Amino acid sequence: MNVGIDLIHFSTSDYYLGLDVFAEEKNIDVDKFYIGIGQEKMSIAPPDEDVVSLAAKAAAPILQQVEKEQISAILFATESGVDQSKSAGVFLHGLLGLSPRCRVVEFKHACYSGAAALQMATAMVRANPKEKILVIAADIAKYDVDTSGEATQGCGAVAMLITESPRIIAIEPGSGYHTEDVMDFWRPNQRKTALVDGKYSTKVYLNSLKQAWQHFTEETGRTFADINHFCYHIPFTKMAEKAHQTLAKVAGVKLTPETFKAQTLPSQVYNRVVGNSYSASLFVGFCSLLDNLKEDLADRRVSFFSYGSGCVAEFFTGLMQPGYQTVLMSSSHQTQIEQRQPLTYQQYLAFYHQVDDNVDNIEFEHLNKGPYRLAGIKDHKRYYEAV
C-alpha cells in the first residue's frame, strides 16, 4: 500500500528584511550573506503572527479540497510552541473549525520534528487506510540582535495531507537515523531566543548525515545512484551544498557541476528568500523542488534529510507519483513570496521588540495581512481570528 503526501502547501509572513538592508545597517559586505551563506532575504513575522496563524494559512487551501470531517489527526511539529501544555494544534483545530473526532498532538525536537510527524502519520495510515492526517511543520526562527544568528532568521509553515494512494509522493518504508546528545543549539525555558554554537552545529549536522546515510543504506539497500533529487534541512542555503558535497564523498560518487546543481539547486530557491523556518525548512525545500523543477518528476526518487540540533537526524526517500503536477499549489507559494512587503531595519526592530506574549493582556495591532491572525491575549489566554 502506498502512503504519503497527497497535498502540500506552505505559507510565510507578509514582510521580509533584505540582507542588503541588513548588511548596510551592520556595515558588512553583503556578499557575506549572498555568497557566504547563500541567503538574500528573511521573512519576518509581525507581532500578530505566530505558528498557529502561519499554520492556518498553510492548511486552509488543503481543507478547501477535502471534507473537514475526514481529518482524523493533526500532528503539529514546532519548536516555537505557544504554550508549555496546550498543543499549538488544538488552537489550530479550533481556528479552522475541524471535527471534534480528531486527535491532536504537538511534536518537538528542534528542526527534526516535522520529519518525525510525517513518519508517524504514514505509520498511522498504513495501520488504518481510512485515516487522513494533517501534518503541520511551522516555526519562527529568531535570534538575539547583533549575534551571528541574526542574519539567519525567517519563518514559515508547511501543511501536508497524508493519505493512502497519495497524489504527490509515496514515502518509502525504511530510513536511516541517528541520535546523539550534544549542545550545538538549545533554548532554555526562560529564553525567547535560541543559543547556538554555529561552527559546532555544522560539524554535527554533517556527521549526523554520514551516520544516517550509512544506516539508510544498510536498512534499504539503496545507493546514491538510486536517488534523483535530494532535499536537505536548510538553516541557510550553503548548508545544503555542504551536505550534498559530504554525501557524495561518503558515497564515493564524483559529480559534475551540472549534476550537482540539478540534484540540489531547485530545492534551495525558496529558502534563499524566506530564510530559516526550523521544522518547516526541509519541506519548504520540497515545495521549492516541485515548483521550480520544470521537468517531469513522475516515478523519480526524492530523498529527505532532516536534522534537528541536539541532535536527531533521519534520511528517507519517496517516489514521485504520475500526475502530481495537477495538485500542486505553486502559484500560491510564488504569490506569497512576491507580495511580501520590505521592511527597513528600524521597522524590523519594531516588530522584533513588540512581540511580547508573556503579558497578561494585550491586543495586537493589525499588521498581519493574511486570513488568520493572533488578535491578542486576555488573562493569559491566546485568541485568534479569521479575517
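1. Let's start with the cysteines of this predicted model. The sulfur of Cys111 has its closest cysteine sulfur in Cys311, and at 12 Å the two are too far apart for a bond. A disulfide would need the sulfur atoms within 2.5 Å. Cys111 is also buried, at a relative accessible area of 9%.

2. Cys287 is in no disulfide either: the nearest cysteine sulfur belongs to Cys231 and sits 9.4 Å away. The residue is buried, with a relative accessible area of 1%. For the structure as a whole, the disulfide count is zero.

3. Next, a small piece of topology you may like to trace on screen. Three strands make up an open sheet with mixed pairing, in the order 3-2-15. Strand 3 (41-43) and strand 15 (341-342) are the edge strands, each pairing on one side only. Strand 2, residues 15-18, runs antiparallel to strand 3, and three bridges link the pair. To find the register, look for Gly18, which stands opposite Lys41 in strand 3.

4. Helix 1 covers residues 19-26 and lies across strand 2 and strand 3, at about 50° to strand 2. Which of its residues are buried? They are Leu19, Phe22 and Ala23. Viewed down the axis of helix 1, the buried residues fall within an arc of 100°, so they line one face of the helix. The spacing fits a general rule: an α-helix has 3.6 residues a turn, so residues three or four places apart point the same way.

5. What do those buried residues of helix 1 pack against? Their partners are strand 2, strand 3, helix 2 (31-37) and helix 12 (345-354). Just after helix 1 comes Asn27, with a positive phi near 60°, a spot to look at if you check backbone torsions.

6. Now the hydrophobic interior. The largest nonpolar core holds 85 residues, and the members touching the most others are Ile136, Ile162 and Phe286. Helix 3, residues 51-63, gives the most to this core, with 10 residues.

7. Ile136 is a handy place to centre the view. Leaving aside residues up to four places away in sequence, Ile136 touches Ala55, Ala59, Ile74, Leu75, Phe76, Ala77, Leu92, Val158 and Ala159.

8. A second core, separate from the 85-residue one, has 40 residues, including Ala23, Ile37, Ala240 and Cys311. Two of these names have come up already: Ala23 is one of the buried residues of helix 1, and Cys311 carries the sulfur closest to that of Cys111.

Methods:
Residues are numbered from 1 along each chain as its sequence is written. This is a predicted model: local features need pLDDT of at least 70, side-chain atom pairs count only at pLDDT 80 or more; totals for chains, interfaces and linings use all residues. Side-chain values use heavy atoms; hydrogens and water are left out. Buried means under 20% relative accessible area, exposed over 50%, partly exposed in between (1.4 Å probe, protein chains only). Two strands pair if DSSP finds at least two bridges between them. Helices (H or I, at least four residues) and strands (E, at least two) are DSSP runs, numbered from the N terminus. Contact means heavy atoms within 4.5 Å. Axes are lines fitted to C-alpha atoms, for helices over the stretch in contact, and angles run from 0 to 180 degrees between N-to-C directions. The arc is that of the directions from the helix axis to the C-beta atoms. A nonpolar core is a set of buried Ala, Val, Leu, Ile, Met, Phe, Trp, Tyr and Cys residues joined through side-chain atoms within 4.5 Å.
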